Each structure stands twice: as structure tokens, then as C-alpha cells.
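Please open the model in a viewer and keep the sequence panel visible. The tour below proceeds by selection, one region after another.

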Amino acid sequence: MRLAFPSWTGTLAVKAAVFITVMCCALAALLGVLVHVSVTNQTVGQARDLALSRLKDATAAFEAGDTLGWGAGVDPPGLPASLRALAVAGERGTMVADHRGRPTMWAAGPVDGARALAVPVDYSQSARTIEALDTAILWSSVLAIGATLLVGAVAVTRVTRRLHTTAQVARRITAGDLDARVDDPRTREAGRPQDEVGAVAVALDSMASSLQGKLLSEQRFTADVAHELRTPLTGLHAAAELLPPGRPTELVRDRVAALRTLTEDLLEISRLDTGRERLELDAEELGALAARVVRTAQASGSSGASAAGTEVTVVRDARVETDRRRLERVLGNLLANAHRHGRSPVVLTVDGPVVTVRDHGDGYPEYLLTHGPQRFRTEGGATGHGLGLTIAVGQAEVLGARLTFTNAPDGGAVATLTLPQAPPAGSGLPDGAA
């Protein structure tokens, strides 16, 4: 099983801090060990040389029958047993051990009668020197790690702040704000070397400009085509009304009406794409508005609504500030899609600011659940141009509402419209309006 780490551990700043800390600790430990070993060897070597020198003088004095001096003695108390055994075996040696509560460097060698001649040298000062050195190494390492972390954090934060800015701009572009740009000031300075973050910012700005140009060109093309079609379609509609009654005339009028509807849908999508739609807000009761939308659909007989019928359920009514025309357009398109592509019964439910439209058909296709409605795309032999749900999503965004699409566990498509508790910003409300 893989360990689950908190989300903040994945940030670049945390990873950089951990890396810097580990490297500083490893370097401090390495340098500390080298200095400790070097100084300890030097200190111990000096104490050993002094002890052996005194042992040599004591041995010469012992052989000459003179006074030993320097605390030397034969088998003195406190002499480590292992060092005495080495001396009795005929070899000289040294060892650090506690003697009378103080660290002492012992030097011992053999004398007559299987005895050991030993000389103690006070090792207290050398031990304090090594201890003070270790403390200095520890504190200097802590200070060095802290200073390095501080400097590294400042440097990494400057990079991550620029990366966060670039990511925010990318998210704004994804949400539809094609005017968003990173505009990194470092990339505008001529002759200044650019780092990888600056290169990413320049590439993102270039991509956004190219994407914006292509989308605006497509939007203009769609709007121009729709506008150009309106005039001949108006004439075609008038000419169709003059045809004599009969089945061919009905077919011509039906196709002309469908083409006019498609043209109007394209014009509406073009207006939504510009992002300059203004709301006309008013207080509306959702239950009454939903019932009115159903009655209108049934009266017009669009998409089989009058034949199949729609059930309206008000669980909890709500009064909201919204644009009535746009909200009716959204609900009307959802009902039309449910009747056209689903099966009865179609249920429209009002539960506070949440309105759901559900049918009992085969549900939404997988691509729609994953990527949302797409223009001129239908599957499974379905009729229509795929513009109804696209317009519903666009109008919901203008309203500041959230429109989601799911499939019910027991079958059927479910569209959920969640209206905002407050009017969206830039809604065009008069001063003082709620």
C-alpha cells in the first residue's frame, strides 16, 4: 500500500526545502565528523606522546634506582586491567580512562617481575577542548542550515510565485477568459537572460493570443453566416406561406422553420461567446416560473412535450433574483432535450434554488458527462444539432448558475441547475436594487 501524503507536501517549495535541509545536514555532518576526527586524533596523539615520553623517563629512572616522579608507579591503583595485561605481556601501550573522577591518559610498559610501570597524564583539558569543539560544530551547523534554508526559501518562493501566477492565468484561460496573460516583466527586458519560468510564461501568452485569435475568427464567421442567412430565410419563409396547402407545402414550411431555428440558435451562441451579455434581473418564484415553462412547452407542442407531458414537483419553493427570459430559455432547452432524447416521464423538480430535469431514457452519452455539451455532436442516431444544451450551459453561465449533467443510478438523464443566492457581478442592476 502506498502512503497517503498531505497535498501540501507536493508543492515545489516544500520539496526544495526538504532537499536543501537534507543536503545541508549531510554536508554539516560530513564536515563535523572530519573536523572532530582530525582534532581528536591530534589531541590524543599529543597526549599519547607526552605520556610515552614520561613513561620512558620513568623507566630509565626505575632501572637506575632513582625517584620515578610525575605520579609514575609500579602497578599503581586505577591502572586499567587491559593496559596492565598488555604491559605484563612485554609491550608498551596507552589508554584513556577515568581516574579519580578525571579523564586520564595512561602509558604503561613492562618491568622486572611481571609487573607494569605506568604513568598517568591529566587528559581533562584535552577532553574539554574536544567537547567544546563538538558543541561549536553543532551550533555552527544549525546556524548554517537555518541561514541556507532562509536564503533558499526566498529564492524558491520567487520562482514558485511566478509559477503560481502562470498557473492562475492558465486556469483563467481554461475558464474562458481569453484576455488573461502572464505578462512577466522579466521577459520584457531586452538582453536579459530568460530562465525556464520566463520561457513558460512567454509560451503561454503566445498560445493564448493564438487561441484567442482563432476563436474570435470562428465567432465572427459564425455570426456573419447567421446574419447573412436571416434575410434569405425571411424571404423563403414568406414565400412558403404563399404556397398552396398540401403535404409538400407542410414539408417546406417545416424545413424552413427548422433552418430559422438553427440560425437563431447560432446567433444566440455567437452573442454568448462574446461574453458581453447583460442581465435584466427581477424577483421570480421558481415554482411558478417552472410551471409556466412547462405550460409554454406543452402549448407549443415542441419536441413531443404536449404528448408525453411533464411532471412538475415543488419540494421547496424559492424566490430568486434572476433574468426570467434566460432562465426560461435554460429550462425550456432542458425539457426539449429530455423529451427529444429521453423517455417519459419527464420530471421537473424545484428544491429551493436547485432545479432538476430528469427523464427515464438511456441517459447522457459518456462524452457529454466527461466534457460537457459539444456543438453539432449527437450520438446513437439522435436528432438535433447539439445546440440546445450548449445554449443552456451558456445562458446558465450568464446567470451565474451552475448546470451539471449526470445519469441516475436507476436510469435516465439528470440535469441540475443551481441558481446563485445573490445576483452575479456585472448584472446591470440599478443602484440600490437587491
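In what follows, a contact means heavy atoms within 4.5 Å. The model is a predicted one.

**Whole chain**

Begin with the protein chain in cartoon representation: ten helices and eleven strands are present. Of its 434 residues, 34% count as buried. Among contacts with a separation of 6 or more, 63% are made by residues 24 or more positions apart.

**Annotated spans**

Next, select residues 12-35 and 136-156, which the unreviewed UniProt entry annotates as "transmembrane region". Residues 12-35 are 100% helix and 0% strand, with end C-alpha atoms 34 Å apart. Residues 136-156 are likewise 100% helix and 0% strand, and the end C-alpha atoms of that span lie 29 Å apart.

**Thr59 in helix H1**

Select helix H1 (residues 12-64) and zoom to Thr59, which lies within it. Is Thr59 buried or exposed? Its relative accessible area is 12%, below the 20% limit, so Thr59 counts as buried. The side chain of Thr59 reaches the backbone oxygen of Leu55 at 2.7 Å. Leaving out residues up to four places away in sequence, Thr59 touches Arg92 and Leu117.

**The four-stranded sheet**

Now display the open sheet of four strands, whose order is E1-E4-E3-E2 with antiparallel pairing. Strand E1 (73-74) and E2 are the edge strands, each pairing on one side only. Strands of a sheet pair through backbone hydrogen bonds, either parallel or antiparallel.

Restrict the selection to strand E2 (residues 93-99) and strand E3 (residues 102-111): they run antiparallel and are joined by seven bridges. At the hairpin end, Asp98 has Pro103 as its bridge partner in E3, and His99 is partnered by Arg102. Two residues separate E2 and E3 in this hairpin. One residue to label in the turn is Arg100, with a positive phi of about 55 degrees.

**Helix H3 and Gly176**

Move on to helix H3 (residues 124-174). How does its span compare with the one expected at 1.5 Å a residue? Its 51 residues should span 75 Å, and the end C-alpha atoms are 72 Å apart, which agrees. Just after H3, select Gly176, where phi is positive at about 115 degrees.

**Helix H5 and its cover**

Select helix H5 (residues 247-274), a helix of 28 residues. From its first C-alpha to its last, H5 reaches 41 Å, close to the 40 Å expected at 1.5 Å a residue. Colour the buried residues of H5, among them Thr249, Val256, Leu262, Asp265, Leu266, Ile269 and Leu272. Which helices help to cover them? The cover includes helix H4 (196-241), helix H8 (324-341) and helix H10 (388-399).

**The nonpolar cores**

Finally, show side chains in the largest nonpolar core, which has 43 residues. Those touching the most other members are Leu286, Leu327, Leu334, Leu348, Leu403, Phe405 and Leu417. Centre the view on Leu327: its neighbours within four places in sequence aside, Leu327 is in contact with Leu286, Leu289, Thr322, Leu399, Leu417 and Leu419. A second, separate core of 16 residues completes the tour; select Ala47, Leu68, Val111 and Ile130, which are included in it. In soluble globular proteins, nonpolar side chains tend to be buried together.

Note on methods
Residues are numbered from 1 along each chain as its sequence is written. This is a predicted model: local features need pLDDT of at least 70, side-chain atom pairs count only at pLDDT 80 or more; totals for chains, interfaces and linings use all residues. Side-chain values use heavy atoms; hydrogens and water are left out. Two strands pair if DSSP finds at least two bridges between them. The expected span of a helix is 1.5 Å times one less than its number of residues. Buried means under 20% relative accessible area, exposed over 50%, partly exposed in between (1.4 Å probe, protein chains only). UniProt positions are given in the numbering used here, feature names are shortened, and annotations may be inferred rather than shown by experiment. A nonpolar core is a set of buried Ala, Val, Leu, Ile, Met, Phe, Trp, Tyr and Cys residues joined through side-chain atoms within 4.5 Å. A polar contact is a pair of N or O atoms within 3.5 Å; within protein, one must be able to donate a hydrogen and the other to accept it, and residues adjacent in sequence count only if both atoms are side-chain atoms.
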